[in-house]
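Please open the model in a viewer and keep the sequence at hand. The tour proceeds by selection, and each stop states what is found there.

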Amino acid sequence: MNTTVSASILSADVCRLGEELDRIKQSGCDHVHFDVMDGVFVPNISFGVPVLAGVRRHTDMFVDVHLMITDPLKYVGVFSDNGADMISFHLESDSDPAAVIREIKARGRKAGIAIKPGTPVSKVLPYVSSVDMVLVMTVEPGFGGQGFMHETLGKIRELKAYIDRECPGVHIQVDGGINAETAALVREAGADILVAGSYLFKGDMAEAARSMR
Ligand code: DX5
Ligand code: ZN
């Protein structure tokens, strides 16, 4: 599968968000990655629905909403109504995963299910065939700018083998610590949607995006 580059606006200059969204598009990135943190599921708070609505008004790019929140089922509707093209939520959240997936699909959005570094792949397998994408976190969720956890590579390989065998076409996304060097490792392991924040925003974004493919 071709590599999709998704720019995490957690690393953007939020006071110039419109210009940052234009930069993402002009740099040849494929998706905008929108991190929602509730301060409970993860020890940080980011941004929510009004900011997503503003992003939607400004750009026609594909917006991938990553919910790091305790009760995703309760919020799928409002994120879906305010501009999300894809919604991913955590298996480790309090909501019933099957119900969340049904709700995302009922609203006509693409569905992703995410696992933290400490969650084994076996736990997510029952849901893989009913989603568009599995997000394998390559850092502990909550903050940008952390170092890539190499021990997640085996999980990506294991998931890729399962997908090839059971449900080809399901995407594998990675998020956290991705740069040119770690992008090569995760691509080789089987990931095809690569999220990056600090690496893309810190310098020449077009060059950084190219180096991830
Ligand atoms: C972390 C977020 C990521 C974050 C990645 O919990 O889910 O999307 O922005 O940032 P980098 O690429 O800087 O590790
Ligand atoms: Zn994210």
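Begin by selecting threonine 138 and aspartate 175: a polar atom of the threonine 138 side chain lies 3.0 Å from the backbone oxygen of aspartate 175. The model is a predicted one.

**Stop 1: threonine 138**

Threonine 138 sits in the loop that runs between strand S6 (133-137) and helix H6 (153-166). Is threonine 138 buried or exposed? Its relative accessible area is 0%, and threonine 138 is therefore buried. Next, display its surroundings beyond four places in sequence: threonine 138 is in contact with Gly147, Phe148, Met149, Thr152, Ile156, Val174, Asp175, Gly176 and Ile178.

**Stop 2: the zinc ion**

From aspartate 175, move to the zinc ion (ligand 2). Which residues supply its protein donors? They are His33 (NE2), Asp35 (OD), His66 (ND1) and Asp175 (OD), at 2.0 to 2.3 Å from the ion. Along the chain, these donors of the zinc ion (ligand 2) are spaced as H-x1-D-x30-H-x108-D. Aspartate 35 belongs to strand S2 (residues 31-37) and aspartate 175 to strand S7 (residues 171-175); this pair, 140 residues apart, links distant parts of the chain. Aspartate 35 and aspartate 175 are both buried. Why is the arrangement around the zinc ion (ligand 2) octahedral? Six donor atoms surround the ion, and the arrangement is octahedral because the angles they subtend run from 71 to 171°.

**Stop 3: helix H9**

Now select helix H9 (residues 205-212), where Met205, Ala208, Ala209 and Met212 are buried. These residues lie on the same side of H9, because they cover an arc of only 100° around the axis. An α-helix has 3.6 residues a turn, so residues three or four places apart point the same way. The cover over the buried residues of H9 includes strand S1 (4-8), helix H1 (17-26), helix H7 (180-189), strand S8 (193-196) and helix H8 (198-201). At the start of H9, select aspartate 204: one of its side-chain oxygens comes within 3.2 Å of the backbone nitrogen of alanine 206.

**Stop 4: the nonpolar cores**

Select leucine 200 next. Leaving out residues up to four places away in sequence, leucine 200 touches Val5, Ser6, Ala7, Arg23, Cys29, Met205, Ala208, Ala209 and Met212. Leu200 is also, with Ile9 and Ile24, among the residues with the most contacts inside the largest nonpolar core, which has 62 residues. H6 gives the most to this core, contributing five residues. Finally, select Leu135, Met137, Val139 and Ile193, which are among the seven residues of another core, lying apart from the largest one.

Definitions and conventions: Residues are numbered from 1 along each chain as its sequence is written. Chains are lettered from A and ligands numbered from 1 in the order in which they are written. This is a predicted model: local features need pLDDT of at least 70, side-chain atom pairs count only at pLDDT 80 or more; totals for chains, interfaces and linings use all residues. Side-chain values use heavy atoms; hydrogens and water are left out. Donors are N, O and S atoms within 2.8 Å of the metal (3.2 Å for Na, K and Ca); water is not among the atoms, so sites may look incomplete. Four donors count as tetrahedral if all angles lie between 85 and 135 degrees; four count as square planar and six as octahedral if opposite donors are over 155 degrees apart and all others between 65 and 115; anything else is irregular. Helices (H or I, at least four residues) and strands (E, at least two) are DSSP runs, numbered from the N terminus. Buried means under 20% relative accessible area, exposed over 50%, partly exposed in between (1.4 Å probe, protein chains only). The arc is that of the directions from the helix axis to the C-beta atoms. Contact means heavy atoms within 4.5 Å. A polar contact is a pair of N or O atoms within 3.5 Å; within protein, one must be able to donate a hydrogen and the other to accept it, and residues adjacent in sequence count only if both atoms are side-chain atoms. A nonpolar core is a set of buried Ala, Val, Leu, Ile, Met, Phe, Trp, Tyr and Cys residues joined through side-chain atoms within 4.5 Å.
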